[in-house]
Amino acid sequence: MTEQRISNALQFRPLDVILLLFVSDLVFAEIHYSIREEIESGAFVGNIAEDLGLNIRRLSARKFRMAPADKRHCLEVNSETGILFANERIDREQLCGQLPACVLSFEIVVDEPLEMYRGEVGILDINDNSPTFPESVILLQMAETMAPGSRFPLESALDPDVGTNAVSVYNISPNEHFGLKVQIGEDDTKIVQLLLEKPLDRERQSSFQLMLTATDGGNPPRSGTARILITVLDSNDNAPDFGRENYRVSLIENSPRGTLVVSVQATDPDEGSNAEVTYSFSNRVSQKMQELFSLDRRTGEIRVQGIIDYEEGDNYSLDVQAVDNGSPAIAGHCKVLIKVMDVNDNAPGILLTSVASMVPEDAAPGTVTALINVIDRDSGRNGEVHCEIPKNVPFKLQISSSGHHKLITSDMLDRETTPLYNIAILARDSGSPPLSTIKTIQITVSDINDNAPRFARPMDTVYVMENNAPGTSIFTVTAFDPDQDQNSYVTYSFIDILIQDFPLSNYLNLNSMNGTIYALLTFDYERVKNFQIQIQARDAGVPPLSSTATLNVIILDQNDNAPVIVSPSAQSGTAGVGVVPQSAGQGYLVTKIIATDADSGQNARLLYQVLKATDPSLFIVGLNSGEIRTARGILEQDSPTQTLVILVKDNGQPSLSSTATIHFSISGNVTEIFPESSNLETNPEYVSDINLYLIVILGSTSFIFLVIIILLIGIKCKQDRNSPEDYNSPSSCYGLEESNNAFNLTPTLKESLNYTGAGEIVQIPETHHYSVCLSPESAKSDFLFLKPYTAPLTQHQ
């Protein structure tokens with residue numbers, strides 16, 4: 001009976017009513033309904049009253065009610081209509097799980113008479129659930145060495161539905177390595193296994209991702225999926241691989257330490273410790289190379305750790321190996337080729353192959369003085385070098401071949417102008433920025449005898465004081481020869497001449513080495529006043545060269561001659577003049593003292609003064625003229641005999657002097673002729689022949705000399721008057737008052753005219769007036785040139 005009920009329920013019969021009647025005190029009946037799951041709340045299930053044949057009108061009176069058989073209140077009955085309906089949404093899987101049949105039981109009770117009815121509602125399954133796997137991702141690990149045919153159990157999919165709605169088929173995504181093996185277990189469950197169909201290679205494919213699909217038998221069918229992630233476990237069956245045999249890199253020289261050169265990278269298809277790689281240089285890498293470069297064992301970075309110099313090496317080759325940590329370990333190799341790029345880090349070098357330290361000054365232009373080799377360790381434009389020297393030297397560079405130069409003369413040399421050349425050779429490369437080097441070559445110009453000695457003063461004047469001591473140095477001539485060594489050794493000599501008919505060697509001696517001139521005798525100004533000599537300077541070159549200089553020797557006067565009283569003539573310093581008239585008045589010219597001095601200049605300038613007199617108030621003497629005149633009229637009480645001692649001294653330093661004593665007689669006869677005049681003319685003792693000649697010669701010479709001087713001074717003064725602006729010129733004319741005969745010149749004709757003789761009373765001025773032309777050195781000059789000024793004469797009877 002029960003099986004029949006279930007069968008009917010599976011056939012989706014909406015209502016089966018089966019009545020079981022028992023004859024007893026309580027009537028029982030059983031009804032059965034079938035519904036599909038997932039009906040909504042309030043959905044009609046069945047009409048119990050109708051199916052049981054109960055009077056609907058009496059249901060309420062008979063207290064029609066339902067007593068649920070379980071605690072789930074999924075069903076409810078209307079007590080007035082007897083209709084059974086769903087009290088909530090019916091979910092078979094929630095109510096019955098995986099049970100093949102799902103039935104809800106209930107009881108219906110009515111009173112008067114008491115009746116109880118049993119009922120069942122069969123819940124029919126629909127395909128409302130998809131298969132699901134316990135895990136959405138299935139993780140599997142397989143060794144790459146596992147043999148084909150190996151099986152790996154998989155979790156089965158779950159489907160809450162039952163029957164044909166349950167899982168019926170399993171599928172796996174297409175691949176070349178795996179398949180599915182499905183078996184039916186003892187409990188009719190399906191056992192799913194993953195089957196390895198083809199060998200694995202982790203290095204080719206280290207993992208797989210497959211999609212496992214479970215499909216039920218519903219209509220329409222539902223399916224569920226799970227991802228299978230397969231990891232292939234490694235074995236150390238592969239060597240590390242760099243991916244290429246050679247790494248080619250460029251590196252700038254002088255790169256700082258720590259600069260990254262290249263980073264090598266090796267990969268090992270294995271995994272884990274089998275793929276852990278360490279890097280190192282192979283045994284073929286020299287120690288020097290390992291000092292230049294470092295290799296990081298972990299990262300494979302090659303860095304600079306030494307000084308990279310292009311000039312020491314422009315290419316480097318490093319063998320690098322990568323070793324894994326498998327057992328046994330396997331190594332991979334590669335080669336790192338480093339090309340060093342040049343930078344302009346080397347200045348040009350200048351090498352002097354040959355240098356002529358001395359070049360003769362007469363070397364012809366084009367003479368080679370040095371061979372120069374210029375090198376630069378850099379390359380390309382960094383190694384292209386250009387050389388130059390200063391333009392202000394008589395040398396030039398001539399390129400003979402690549403890097404080789406000649407330093408040659410470009411002009412004539414002159415040692416006396418430039419004896420030494422420091423030639424700076426500048427070598428500059430074409431790098432950016434350019435580098436340069438300067439090397440200085442010292443070239444000495446050797447001397448040839450191309451210069452004659454030159455006197456500092458080709459014409460000079462030397463002043464020698466008379467009365468010098470013999471052997472005294474009077475002068476030193478100096479000649480300079482700009483040549484060198486023996487070409488500049490100068491010797492001095494006189495060019496022989498005669499001085500007053502005597503050879504020069506009698507007067508002077510010349511030191512041939514230093515040019516010092518010595519006097520061999522004592523010069524006497526009164527004998528020789530000046531002379532001229534010529535001196536030759538001669539060098540020691542081959543052939544020798546010489547030059548001459550002229551030296552004017554002027555003897556300077558010394559006051560070595562005392563004045564000589566010429567007139568009046570006296571013996572033993574005493575002269576008797578004669579008689580002075582009693583009638584002589586003031587200014588009467590008694591006589592004139594004439595004296596000479598062999599010296600010159602101030603040494604010959606004579607001064608006269610009364611040294612001693614019988615009556616000092618009676619006579620006076622002209623300071624410069626030597627004229628003795630009466631100072632007052634002669635009185636009767638004056639002594640008839642008068643004596644005067646006259647001092648004549650020169651103006652030298654120290655002064656020299658002479659004295660003359662003159663005796664006068666005072667006479668009353670006015671007409672008596674002054675006796676001195678006759679003495680001067682007739683007395684051979686007063687005027688000797690020699691004195692007479694001397695007076696005549698001196699007088700005529702002085703006259704001629706004065707005439708010339710007067711003419712010259714007149715012309716000069718006229719020029720000065722025409723050129724007033726030259727008032728302060730070195731030679732100017734101006735008036736000068738000077739006593740007569742102040743310059744000790746021999747008495748001129750004019751002075752003879754002023755001398756009147758005895759018995760004449762002439763008012764002669766105390767002084768004469770001169771127009772004098774003096775140079776700025778007149779204070780030092782030995783001569784004063786005078787122009788006589790004739791004052792009007794006044795004669796008194």
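These exercises with worked solutions cover a predicted model.

Residues are numbered from 1 along each chain as its sequence is written, and side-chain values use heavy atoms, with hydrogens and water left out. Because the model is predicted, local features need pLDDT of at least 70 and side-chain atom pairs count only at pLDDT 80 or more, while totals for chains, interfaces and linings use all residues.

**Exercise 1. The chain as a whole**

Task: State the secondary structure of the chain, its buried share and the reach of its contacts.

Solution:
- Step 1. The chain holds seven helices and 55 strands. Both are DSSP runs numbered from the N terminus: helices are H or I with at least four residues, strands are E with at least two.
- Step 2. Of the 797 residues in the chain, 40% are buried. Buried means under 20% relative accessible area, exposed over 50%, and partly exposed in between (1.4 Å probe, protein chains only).
- Step 3. Take contacts between residues at least 6 apart in sequence: 68% join residues at least 24 apart. A contact means heavy atoms within 4.5 Å.

**Exercise 2. Rings**

Task: Classify the ring pair F178 and F208, and place both residues.

Solution:
- Step 1. Set the rule. Rings of Phe, Tyr and Trp (its six-membered ring) pair if their centres lie within 6.5 Å; planes under 30 degrees apart count as stacked, over 60 as edge-to-face and the rest as tilted.
- Step 2. The structure has 10 aromatic pairs. In the pair F178 and F208 the ring centres are 5.4 Å apart and the planes stand at 80 degrees, so the pair is edge-to-face.
- Step 3. F178 belongs to strand β12 (residues 178-184) and F208 to strand β14 (residues 207-216). The two are 30 residues apart, and the pair links distant parts of the chain.
- Step 4. F178 and F208 are both buried.

Task: Which residues do ring pairs link into a cluster, and which residue lies over the face of Y525?

Solution:
- Step 1. The cluster consists of Y507, F523 and F531.
- Step 2. K529 lies over the face of Y525, 4.6 Å from the ring centre. The rule asks for NZ of Lys or CZ of Arg within 6 Å of the ring centre and within 35 degrees of the ring normal.

**Exercise 3. Strand β14**

Task: Sort the side chains of β14 by face, then find its partner strands.

Solution:
- Step 1. In a regular strand the side chains alternate between the two faces of the sheet.
- Step 2. F208, L210, L212, A214 and D216 point to one face of β14 and are buried. S207, Q209, M211, T213 and T215 point to the other and are not buried.
- Step 3. Strand β11 (residues 167-172) pairs with β14 in the antiparallel sense over five bridges. Strands pair if DSSP finds at least two bridges between them. I172 has L212 in β14 as its bridge partner.
- Step 4. Strand β15 (residues 223-233) runs antiparallel to β14, joined by nine bridges. T213 has T225 in β15 as its bridge partner.
- Step 5. Six residues lie between β14 and β15, which form a hairpin.

**Exercise 4. Two open sheets**

Task: Give the strand order, edges and twist of the sheet with β24.

Solution:
- Step 1. Four strands form this open sheet in the order β24-β30-β29-β26, with mixed pairing.
- Step 2. β24 (358-360) and β26 (385-388) are the edge strands, each pairing on one side only.
- Step 3. From one strand to the next the twist averages 30 degrees. Axes are lines fitted to C-alpha atoms, for helices over the stretch in contact, and angles run from 0 to 180 degrees between N-to-C directions.
- Step 4. β26 pairs with strand β29 (residues 420-429) in the antiparallel sense over four bridges. E388 has L426 in β29 as its bridge partner.

Task: Do likewise for the sheet with β16.

Solution:
- Step 1. The order is β16-β22-β21-β18 in an open sheet of four strands, and the pairing is mixed.
- Step 2. The edge strands β16 (246-252) and β18 (277-281) each pair on one side only.
- Step 3. β16 and strand β22 (residues 331-341) pair in the parallel sense over seven bridges. S250 stands opposite K339 in β22.

**Exercise 5. M513**

Task: Is M513 buried or exposed, and what does M513 touch?

Solution:
- Step 1. M513 is in the loop between β38 (508-510) and β39 (516-519).
- Step 2. M513 counts as exposed because its relative accessibility is 61%.
- Step 3. Not counting residues up to four places away in sequence, M513 touches V490, T491 and Y492.
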